[in-house]
Amino acid sequence: MSKNYWLVKSEPDVFSIDDLNKSPKQTTYWDGVRNYQARNTLRDEIKKGDLVLFYHSNADPLAIVGVCEVVKEGYPDFTAFDPDNNHYDPKSKADSPTWFMVDLKYQSKFKKPVTLEAIKQNPKLKNMKLIQRGNRLSVMSVSKDEFDEIINLSK
DNA sequence: GCCAACGTTGGC
DNA sequence: GCCAACGTTGGC
């Protein structure tokens, strides 16, 4: 089984890569995704051992800032069951959950963040979903070539 | 803070 | 099933 590559967005004011690094076991559950397309990715496609680019949105700079690893595959997002949680969704039931999440573990922080600007200017990355018009998905796939190019740019 | 580009909701 | 209204995302 070959490894797949992904990108997740997070607002660093809410949860940054440093927050992930400081989390217990450098691991967090990636909760709060409430979009069906992203849900399908989390539930069905992302596998243990896959690598994930960590992107800071609504930030300065806008950039991919590091890499994390999937340590637990899709399982029900329990924050949807908690009325006190910001991500509460009464339509999601414990016996037939609507929303899913994965666990991510910190792997590395780039010496040099790969900015959105640099990605837009790189012809090898012109097909990245991140820069396609109107893309607001918080979880998306990345090709191996794109992943490798991002790693090169970060050195 | 603005607003384009979505996705979702709900009346009909 | 259509579509207007509304809410959210996220770059600028």
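Me: Does Asp-77 count as buried or exposed?
Reply: Look at its relative accessibility, which is 0%. The scale runs like this: buried is under 20% relative accessible area, exposed is over 50%, and partly exposed is in between (1.4 Å probe, protein chains only). At 0%, therefore, Asp-77 counts as buried.

Me: Before going on, what kind of model is this?
Reply: For reading the names, residues are numbered from 1 along each chain as its sequence is written, while chains are lettered from A and ligands numbered from 1 in the order in which they are written. Side-chain values use heavy atoms, leaving out hydrogens and water, local features need pLDDT of at least 70, side-chain atom pairs count only at pLDDT 80 or more, and totals for chains, interfaces and linings use all residues, since this is a predicted model.

Me: Where along the chain does Asp-77 sit?
Reply: Helices (H or I, at least four residues) and strands (E, at least two) are DSSP runs, numbered from the N terminus. Asp-77 belongs to neither kind of run but to a loop. That loop is the one between strand S4 (63-76) and strand S5 (100-115).

Me: Which residue's side chain does Asp-77 meet in a polar contact of 2.9 Å?
Reply: Among the residues in contact with Asp-77 (heavy atoms within 4.5 Å), leaving aside neighbours within four places in sequence, are Asp-31, Trp-99 and Phe-100. A polar contact is a pair of N or O atoms within 3.5 Å; within protein, one must be able to donate a hydrogen and the other to accept it, and residues adjacent in sequence count only if both atoms are side-chain atoms. Asp-77 has such a side-chain contact with Thr-79, at 2.5 Å. Its 2.9 Å partner is Arg-34.

Me: Which element supplies the largest share of the largest nonpolar core?
Reply: A nonpolar core is a set of buried Ala, Val, Leu, Ile, Met, Phe, Trp, Tyr and Cys residues joined through side-chain atoms within 4.5 Å. The largest one here has 20 residues, with Val-8, Trp-30 and Leu-104 among those with the most contacts inside it. Strand S1 (5-10), helix H1 (17-22), helix H2 (36-45), strand S3 (51-56), S4 and S5 each give it at least two residues. With four residues, the largest share comes from S4.

Me: How many residues are in the other core, the one that includes Leu-7 and Ile-150?
Reply: That core lies apart from the largest one, and Leu-53 and Leu-116 are also among its members. Its residue count is 18.

Me: Which residue has a side-chain N or O atom 2.6 Å from a phosphate oxygen of DNA strand C?
Reply: Residues near this strand (a heavy atom within 4 Å of it) include Lys-9, Ser-57 and Leu-137. Tyr-55 has a side-chain N or O atom 2.7 Å from a phosphate oxygen of DNA strand C, and for Asn-58 a backbone N or O atom is 3.2 Å from one. At 2.6 Å, the residue is Lys-120.

Me: Which residue has a polar side-chain atom 2.2 Å from a base oxygen of DNA strand B?
Reply: DNA strand B has Tyr-36, Lys-91, Arg-133, Gly-134 and Arg-136 around it. Sugar and phosphate make up 69% of its atoms that come within 4 Å of the protein. The side chain of Lys-91 has an N or O atom 3.4 Å from a phosphate oxygen, and so has that of Arg-133, also at 3.4 Å. The base oxygen is approached by Arg-136.

Me: How many salt bridges does the structure hold?
Reply: Side chains of opposite charge can pair when their charged atoms come close. A salt bridge is a side-chain nitrogen of Lys or Arg within 4 Å of a carboxyl oxygen of Asp or Glu. Arg-43 and Asp-44 form one at 2.8 Å, and Asp-89 and Lys-91 form another at 3.4 Å. The total is seven.

Me: Is Lys-124, the salt-bridge partner of Glu-149, buried or exposed?
Reply: The closest N and O atoms of this pair are 3.5 Å apart. Glu-149 is in helix H4 (residues 144-153) and Lys-124 is in the loop between helix H3 (116-121) and strand S6 (139-142), 25 residues away. Glu-149 is buried because its relative accessible area is 11%. Lys-124 has 63%, so it is exposed.
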